[in-house]
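Visitor: Please take me slowly through one part of this model and what surrounds it. I would like the cut-offs as we go.

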Amino acid sequence: MTTEPIVIKAIINGEKIETARTLPRENPTHPDTIVGYAPVNTKEETQRAIDAAYEAFKTWKWSDVDDRIARMERAIQKIKDSTDEIAEFLSREHGKALYDAKGEIAVSIMWMEFACNHVKNVVTPEVKEHENGKTIITFDPIGVVSAITPWNYPISLSTIKIAPALLTGNTMVLKPSPFAPLAVSKVCEIVADEFPPGVLNLVHGEADVGVELTSNEKIAKIAFTGGTKTAKSIIKAASETIKKMTLELGGNDAAIVLEDFDVNDEKALRRMVISNFLTAGQICMIAKRVYVHRSIYEQFVEKYIEAANKWIRVGDPFNPEVTVGPVNNKNQVKYVKSLVEDAKNKGCKVIPLGQIVNPELMDNGYFLQPTLVLGADYHDPIVVEEQFGPTVPIMPFDDEEQVIALHNESIYGLTSSVWGEEEHAVNVARRIEAGTTMINTAAIQGLDVRFPFGGVKQSGVGREYGEDGIKSYTETHVINIPKNLELPYIPE
Ligand code: NAD
């Protein structure tokens, strides 16, 4: 593949637009090299993209669902054919290991195919004959959707929105994060080329672009994935025009290890380690605090360190031995370091984990040695804040009531996991406040695109994935045809 910097263009009404300003995207493994340049769109260009989507919606909303599916399937095939090239860009701009980048594209394709195969179940009108006459229920597109996505899984968190929105007859303006704008733009380009001009538009930029995308009166729905703080600004910006919203936000997912967990189950420990350190810990649905029953705590920690030292191999994302690459950006490195430093200052034991495969890269790139934090107080920042990086605290607990209370006192509730004998674990899971709870696995390993995904409390509003995730791009329209047109209780 070329290592020359690529230049991404915005897509407005089917045209690739050059902008006056561009933003370089550095390579987190070698921050002195530029992977490519993303456009910086202005507020006016963003308005043009919204206008294009608004005009396109007038005809696209009447398009035939079979035609939409056929277009999406052609796009999926082209993404499949370009997987290697897209994954390499993603690794270079993001820092995630190449296998991880390929995994992200595979999950995206899996979901896009699910959406193609299930959209008809969702949008086919229901006709109900009943004692009062007949009712027709239709599931109509909403209008122009603005999609705003984060840097950690830029492709899957964009396609999770693009596929159901377009398949149900909406149009879209999408804005990726400036911290990983390149590979996702390639995917958007492939999809946009298969659809009529204006159906999928792509803009890049800073806060003014985001504000326009969340306040413009022509936007009917916002599909946002990102931080809870950003979501609060978005809700304010959208309040004037009461937009529909799906918000997938931050989390502080817990793993609860019960006394009947088998500490000698090496495969389970590997799954646990993966669920803490995949993508260098920068996943919303990764376990960010681990509670272990005191009766097995010492043995668990020993086995956990063994598994982590075997599985975590830090270095160049293109080195096939490497499982954990650098952190995506400088701010994130600083933030995670400050949490670990704070834990150290509070007297915690910080244990380095894993092998450093490419020591020559560590000082210059945005690398952090993964760490385990022991001895943290239940309410220390390392426990209650979303670290979003390669560090995890493990703490003992004494009984179920205590650990469930600790779990549920968080302002977040995205995913969680319970580890132990299945029936016991399910029993605990049922008392947990979260959108998804996984038994004896966690994070992406337990994700199933066929079922709804989303957070409770400040982790989000609404659901993506599953047929619920497709339906969230429709408005329910009820057409009533009553048999008795005159109501008996209204006087003549
Ligand atoms: P972020 O909130 O900083 O940015 C997300 C997107 O919002 C970016 O495209 C950004 O440019 C844009 N944005 C920033 N300010 C805006 C504004 N005022 N108006 C409109 N758009 C604005 O999040 P991030 O740092 O990119 O991603 C990390 C966060 O995302 C973490 O909190 C993580 O938990 C969360 N996340 C959640 C999920 C989920 O499914 N629940 C998935 C992945 C990431």
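Guide: What follows is a close look at helix 9, then the aromatic pairs, the ligand and a few backbone angles.

The model is predicted, so local features need pLDDT of at least 70 and side-chain atom pairs count only at pLDDT 80 or more, while totals for chains, interfaces and linings use all residues. Residues are numbered from 1 along each chain as its sequence is written, and side-chain values use heavy atoms, with hydrogens and water left out.

Helix 9 covers residues 266–277; helices (H or I, at least four residues) and strands (E, at least two) are DSSP runs numbered from the N terminus. Its twelve residues reach 16 Å from the first C-alpha to the last, close to the expected 16 Å, where the expected span is 1.5 Å times one less than the number of residues. At its start, a side-chain oxygen of Asp-265 comes to within 3.2 Å of the backbone nitrogen of Lys-267. That is a polar contact, meaning a pair of N or O atoms within 3.5 Å; within protein, one must be able to donate a hydrogen and the other to accept it, and residues adjacent in sequence count only if both atoms are side-chain atoms.

The buried residues of helix 9 include Ala-268, Leu-269, Met-272 and Phe-277 (buried is under 20% relative accessible area, exposed over 50%, partly exposed in between, with a 1.4 Å probe and protein chains only). The buried residues of this helix pack against several elements, among them strand 13 (254–257), strand 14 (289–293) and helix 10 (297–311), with contact meaning heavy atoms within 4.5 Å.

Just after the helix comes Thr-279, whose phi is positive, near 55°. Ala-280, in the loop between helix 9 and strand 14, also has a positive phi, about 50°, although it is not a glycine. Most residues other than glycine have a negative phi. With a relative accessibility of 1%, Ala-280 counts as buried.

Now to the rings. Rings of Phe, Tyr and Trp (its six-membered ring) pair if their centres lie within 6.5 Å, with planes under 30 degrees apart counted as stacked, over 60 as edge-to-face and the rest as tilted. The model has nine aromatic pairs by this rule. In one of them, Phe-261 and Phe-300 have ring centres 6.0 Å apart and planes at 65°, so this pair is edge-to-face. It links distant parts of the chain, since Phe-261 is in the loop between strand 13 and helix 9 while Phe-300 is in helix 10, 39 residues apart. Phe-261 is buried at 6% relative accessibility, and Phe-300 is buried at 0%.

Phe-453 and Tyr-465 make another edge-to-face pair, with centres 6.4 Å apart and planes at 65°. Together with Trp-111 and Phe-114, Phe-453 and Tyr-465 form one aromatic cluster.

Turning to the ligand, 26 residues lie around it, and Thr-149, Gly-227, Thr-230, Leu-249 and Glu-386 come nearest; a residue counts as near if one of its heavy atoms lies within 4 Å. Ligand oxygen atoms have polar neighbours too: a polar side-chain atom of Lys-175 is 2.8 Å from one, and a polar side-chain atom of Trp-151 is 3.1 Å from one. A polar backbone atom of Gly-226 lies 3.4 Å from a ligand oxygen.
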